[in-house]
Structure formats: structure tokens, C-alpha cells
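Colleague: Could you pick one part of this model and take me through it slowly? I'm at the bench all day, so plain words please.

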Amino acid sequence: MSQIVLASASPRRRELLEQVGIEFTACPAKGEEKIEDTEPEKVVVALSKQKAEEVAFSLLSYNESHKKLVTPQDMLVIGADTVVACDGEILGKPKDEEDATRMLKMLSGRTHSVYTGVTLVFVDASGRTGEKSFFEKTDVEMYPMNDDEIGRYVRTGEPMDKAGAYAIQGKCAIYIKNISGDYNNVVGLPVARLYQELKKLGFEVFPEEI
């Protein structure tokens, strides 16, 4: 694989790809997210498709209009989206501190599910494309959090750009009682599943050893 592009601005997803040694370029999707489904697994797959397809289209368009500047090469675009689901409600990023407080009260002392959808868009040097989508689910049980604990955590600002208003890899780690499934999926990208899916499709994502 000549070029891998991550269609996300998430620093967590970047760190996970770097952690496992995958070389990539970040090119965040900028389009407005549109959700029509209500089932969390369908929502995350649809949103990941929107991101990956938007970035792949923009890169293809750029290459087409700058043929003298661009050398044709194979490309893989990775789009991902994560949501938390509890009591039939899909929890994305909180709108404000009040919304973050509401989400954390809902999750406190209970088990919820975290879904991450991933879409892979493949483009070969001739411009032909292919696509593969999947999702991963992880169940997370949290210890009870009282109002003071929730208030202190919200005031750190950490919940504000996280699905479900918490970061399992951050300050909220002290409230995580149990995890069933892939930890990295909760962080934002199931890198083990990603690698397995790419391997099934015959893609080598690691650079050759020198």
C-alpha cells in the first residue's frame, strides 16, 4: 500500500495508528454529518462511510486536476466514527457542560455499549475504487459517580469532545469497572480488527524493514 490516509481529526485515532506502526497521513473530513438510522451499528458505519468517501473523492479530484504534479499511486482511506449507546439513546459528543453532565449521570453505575464504525476506501493507481465497512462493539461498565464527581470531571473539559462525554484513556479511567471487548475500540479505533480486515483483503499496511 503506497499511501494510507486517515479521514479524521481525532488525536486518539492518530495515536492508535502510530502506536501499532502504521504510516499514514491525516486528512480530516469536513462535510456535515447526516444521520438517518437509529441503530448505533448502522449509524457509525454510515458516518464512517461519509468521512472516508468524502476524503477519497477530494483526493481523486485533486489528483485528476493536478496530473502534472501528482504521481499515480495506490491509496487507502480510513474513515471512522464512534458513539455510545445507553437505554436506546445514541450519545455522541456533548453539546455543552449540561449535556455532558446528563450523559454521565445516565452512564453512572451501569453498563453501556460503545460502537465504532470503520470504512476502508481503496483506490488503485489507475483510479479504480473499492470499499469495505465494518463495526466493532465493546461493553463498558462504570462505577457509580456522585454529583460532585461528575461536576469535577466535567469541569476538566475532557468530556467535551468525546462520545458519551468521557475518555476511557483519560481522567475517567478511575470510574471504569469492567470492559467486555476491545479497549482500543472505546478509545476510537479498533486497530486489531482493522488489521485483520486489511489482511483478509490482501493489503500490507506496514513498511518494509530496512
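Modeller: Two strands pair if DSSP finds at least two bridges between them. Strands (E, at least two residues) and helices (H or I, at least four) are DSSP runs, numbered from the N terminus. This is a predicted model, so local features need pLDDT of at least 70 and side-chain atom pairs 80 or more, while totals for chains, interfaces and linings use all residues. Residues count from 1 along each chain as its sequence is written, and side-chain values use heavy atoms, leaving out hydrogens and water.

Let's go for strand S5, residues 111-123. Twelve of its 13 residues are buried (under 20% relative accessible area, 1.4 Å probe, protein chains only), so the rest of the structure largely encloses S5. For comparison with the whole protein, buried residues make up 44% of its 210 residues.

Who are the partners of S5? One is S3, joined to S5 by eleven bridges, with the two running antiparallel. The other is strand S6 (residues 129-142), which pairs with S5 over 13 bridges, again in the antiparallel sense. To find that pairing on screen, look for His-112: its bridge partner in S6 is Val-140. On the S3 side, Thr-82 stands opposite Thr-116 in S5.

Hang on to Thr-82, as it leads to the largest pocket (an open set of 1 Å grid points where a 1.4 Å probe fits, with protein on both sides within 12 Å along at least five of seven lines; lining residues have an atom within 4 Å of a point). Of the 36 residues that line this pocket, Thr-82 is among those that lie nearest the centre, along with Arg-13, Lys-51, Asp-81 and Lys-93. Strand S3 (75-86) supplies at least two residues of the lining, and so does each of helix H1 (11-19), helix H2 (40-65), strand S4 (89-91) and helix H5 (183-187). By residue type, the lining has 18 nonpolar, eight polar and ten charged members (Asp, Glu, Lys and Arg are charged; Ala, Val, Leu, Ile, Met, Phe, Trp, Tyr, Cys and Pro nonpolar; the others, with Gly, polar).

Where does S5 fit overall? From the N terminus, the elements run β-α-β-α-β-β-α-β-β-α-β-α-α, which gives six helices and seven strands. Farther along the chain comes helix H4 (residues 147-155), where Glu-149, Ile-150, Gly-151, Tyr-153 and Val-154 are buried. Just after H4, Gly-157 takes a positive phi of about 85 degrees.

Key:
Buried means under 20% relative accessible area, exposed over 50%, partly exposed in between (1.4 Å probe, protein chains only).
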